[in-house]
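Colleague: I would like a close look at one part of this model. Please take me through it step by step.

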Amino acid sequence: MALPDAWARTTAFFADADAGLDTAPDAHARITADSRTDSRTDSGTGSALRTGARRGPRARRRRAGAIAAATVALGGVVAALLPAGVAAADPSASAWRRLRVCESSDNYRTNTGNGHYGAYQFDLATWRSVGGGGYPNKASKAEQDARALILYRERGWQPWQCAAILGLREDSDARSGQISDIHVGAANGGTAKGDTGNTGTSAGSTRVPAFPGGSHWYVYGETDPHIKTFQDRMHARGYFPVGTGQFGPNTLKMVKRLQRLNGLVPNGYLGPNTWRLAWTGKYSSAGTTARPIRVPAFPGGSHWYVYGETNPHIKTFQDRMHARGYFPVGTGQFGPNTLKMVKRLQRLNGLVPNGYLGPNTWRLAWTGKY
């Protein structure tokens, strides 16, 4: 789905189109129905023929003229809603609005309490994977729309259950990974709050440097200092070895895994989308030669940390989970967010999800699945 360069026009395509789209689909349905009636009249079959016969040729000509005028008027409305440069094959503003209505009653500010936020019901991990910061429901309509489109370009309609319910179809841009024409503008996803509700910083604050290759994508066999920048970033996330600038078999394997984990075609090319994933995408070093992970000793001794406590060691645990993608940053307070995260970590790794932060759960923050 190609978007125009100016995000202001994209906003009109999504959120601002609501005012006109409430009636446009119905008007189109009426025109289509009338056109079918005229077609049946011309064919000389059915009750429509008898109705047309009673009206006479002059009445039919007037009716055809009215339909043509309505069609032209509707075309003007649709053209006004679509920004310049948007191909007709792209999912329409109406399709996006239907998706939002199904997902969230078209409420950009909704927080359902089940870990999904905003008009498109992003969970925080997915929101971060498309470059979002803070909470989705605190972001502007324009930003939510843009990040939904990024997700569509990377994974098609797959992330939204409502898309299957509504029967939405993917176009050629779905899963293409082509997002360089999507301009988010000033992101304002709000400030990530800690368990206290009044501390912390945005989890999406990681700055992604611009892709340095321009229209050139780096491929297997090349050597370039920018490839080293990419490798060093992945090295910092646990991939081994350190960057050399040479796009060899280890880097090829890592690039394909990064692409696969984030819904891109694993073609092994280092382009702008894969570059961005080094900072924002999901990544696990499973199946690669990973650096040994040093797990600090559990600092509590015989004391297990529990809900309601505040301790700097709890912050160490929270910060480690934040580095692995959990949101928000550590505050040292064992509040409801931390309790939820601890239970999930325990459940995913075969422990009883009792919510206690003991030595086994502590270790899982460095070595467990999450």
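What follows is a walk around one aspartate and its partners.

Colleague: Where is Asp 106 found, and which residues are linked with Asp 106 in a network of salt bridges?

Modeller: Keep in mind that this is a predicted model. Start with the place. Asp 106 sits in the loop between helix 5 (93-104) and helix 6 (124-129). Its backbone stands out: phi of Asp 106 is near 60°, a positive value in a residue other than glycine.

Now the surroundings. Asp 106 has a relative accessible area of 18%. Buried means under 20%, so Asp 106 counts as buried.

Next, the partners. Side chains of opposite charge can pair when their charged atoms come close. Asp 106 has a salt bridge with Arg 100, at 2.7 Å from N to O. Asp 106 also has a salt bridge with Arg 97, at 3.8 Å from N to O. Arg 97, Arg 100 and Asp 106 are thus linked in a network of salt bridges.

How do the partners compare in cover? Arg 100 is buried, like Asp 106. Arg 97 has 24% relative accessibility, so it counts as partly exposed.

One more residue belongs in this look. Gln 121 also lies in the loop between helix 5 and helix 6. Gln 121 has a positive phi of about 55°, although it is not a glycine. With 12% relative accessibility, Gln 121 counts as buried.

How values were computed:
Residues are numbered from 1 along each chain as its sequence is written. This is a predicted model: local features need pLDDT of at least 70, side-chain atom pairs count only at pLDDT 80 or more; totals for chains, interfaces and linings use all residues. Side-chain values use heavy atoms; hydrogens and water are left out. Helices (H or I, at least four residues) and strands (E, at least two) are DSSP runs, numbered from the N terminus. Buried means under 20% relative accessible area, exposed over 50%, partly exposed in between (1.4 Å probe, protein chains only). A salt bridge is a side-chain nitrogen of Lys or Arg within 4 Å of a carboxyl oxygen of Asp or Glu.
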